[in-house]
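Let's take a look around this structure together. Have the sequence and the 3D view ready, and we'll go through it piece by piece.

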Amino acid sequence: MSLIAEERRRVHAARLGVIIFLASEGLLFAGLFALYAAYRVRFPAAFAAGVRLDLRWLGSLNTGILLASSACMAGAVSVLARAALSPRPGAGPGVAPRSHAAQGLMAVTVALGLTFLVLKGCEYADHIRTGIIPGGHSAWFLAHPDPGLKIFVALYFLMTALHAVHMMVGIVWVGVLIPGARADARSADRIELGALYWHFVDLLWVFLWPLFYLMRI
Amino acid sequence: MADAPASRTVLLLATVALFALFGTSWWLSYLPLGRWSIPIALGIAVAKGVIILTAFMRLHRQPVANRVVVAVAVALVVILVGLVAVDAVRR
């Protein structure tokens, strides 16, 4: 088998592995989305009231931040793929030069991801100060004894925290890839795998945002 | 084996479309849409998801095996969430 064919098989296997991993992660979240749907049908008023507890402006700001981060990551992959396909004239064999444009875009992606987590932390802190905590053992829940609210709050913390954990993994993954962002095909392929994960985490939030911040009726 | 890069125009248009849909969702959440608010919000989320899958993750450029995995996963998610929701509504 030629080196090119071998390399193609390796890249294909790596992409397939990441996509199967993402599909399994999607099914994990599907169970939680199903739980949300079932309880939303059972406690519509409590869930609408629960959504009104969340800070719409903060959740919306975070949505904009994640969309922008995904655009940056897609831009980084595009820059690297472009550089890999058309190396600079005069570039000899050996280690390809670093792609500063791609590294910059990935650094912005990581910075936006960290901003998302900080804002999420601020929102959690605000809820916890008020007594809106999972489990419902607080004075706030004594004043609001609706069982649907307890379930909403538990689901809110569970699903958004699980998403935040995925964000942390994504930040570390992309951060680790930054120094190796070079203008060659191997680097472009490696970074594309990290980008797939990052876009998947963005995709999850695209559905979490309306469930926990917009559907107030 | 880097694939052909995504065109800058496509990435820019996808980003603009995502932010336009984001703004639309946010604006509509302030309107009294009644029982339509949920399907509209979820419909816009699906549209954003399709843009991310095609323009950013470039699913249409992936090999068939990868597309099949994604299609099966999406189908399973829809079946699971759909059946649970239908069951809850009809009880």
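Leaving aside neighbours within four places in sequence, which residues is Met57(B) in contact with? Keep that in mind as you look, and remember that this is a predicted model.

## Starting at Met57(B)

Here's what you should find: setting aside residues within four places in sequence, Met57(B) is in contact with Leu196(A), His199(A) and Ile52(B). To spot Met57(B) itself, go to the loop between helix 2 (37-56) and helix 3 (64-90) of chain B.

Is Met57(B) buried or exposed? It has 27 C-beta neighbours inside 10 Å, so Met57(B) counts as buried; the cut-off for that is 20 or more. Now try Val70(B), which sits 13 residues from Met57(B) along the chain. The C-alpha atoms of these two are separated by 11 Å.

## Two domains in chain B

The domain assignment splits chain B into domain 1 (1-57) and domain 2 (63-91). Taken over C-alpha atoms, the centres of these two domains of chain B are 20 Å apart.

## Where the chains meet

Let's zoom out to the contact between the chains. Chain A puts in 46 residues and chain B puts in 40 residues. On the chain A side, helix 1, helix 3 (56-85) and helix 7 each supply at least two residues. The largest share there, 18 residues, comes from helix 1 of chain A. Sort the chain A side by class and you get 28 nonpolar, 9 polar and 9 charged residues.

## The biggest core

Next up is the nonpolar core. In general, nonpolar side chains in soluble globular proteins tend to be buried together. Here, the largest nonpolar core has 76 residues, and those with the most contacts inside it are Ala76(A), Val77(A), Leu80(A) and Met106(A). Helix 7 (residues 185-214) of chain A gives this core its largest share, 20 residues.

Pick Val77(A) and see what it touches. Not counting residues up to four places away in sequence, Val77(A) touches Ala188(A), Ile191(A), Glu192(A) and Ala195(A).

## A helix with two sides

Last stop: helix 2 (residues 44-53) of chain A, where Ala46(A), Phe47(A), Gly50(A) and Val51(A) are buried. Why do these buried residues line one face of the helix? Look down the axis of helix 2 of chain A: its buried residues fall within an arc of 140°, so they line one face. An α-helix has 3.6 residues a turn, so residues three or four places apart point the same way.

On the other side of helix 2 of chain A, Ala45(A) and Arg52(A) are exposed. As for the buried residues of this helix, what covers them includes helix 1 (3-42), helix 6 (147-177) and helix 7 of chain A.

Conventions
Residues numbered from 1 in each chain as written. Chains lettered and ligands numbered in written order. Predicted model: local features only at pLDDT ≥ 70, side-chain atom pairs only at ≥ 80, totals over all residues. Core = buried A, V, L, I, M, F, W, Y, C linked by C-beta atoms within 7 Å. Buried ≥ 20, exposed ≤ 12 C-beta atoms within 10 Å, placed from the backbone. Helix = DSSP H or I, 4+ residues; strand = E, 2+ residues; numbered from the N terminus. Contact = placed C-beta atoms within 7 Å. Arc of directions from axis to C-beta. Domains from an automatic or database assignment. Nonpolar A, V, L, I, M, F, W, Y, C, P; charged D, E, K, R; others polar.
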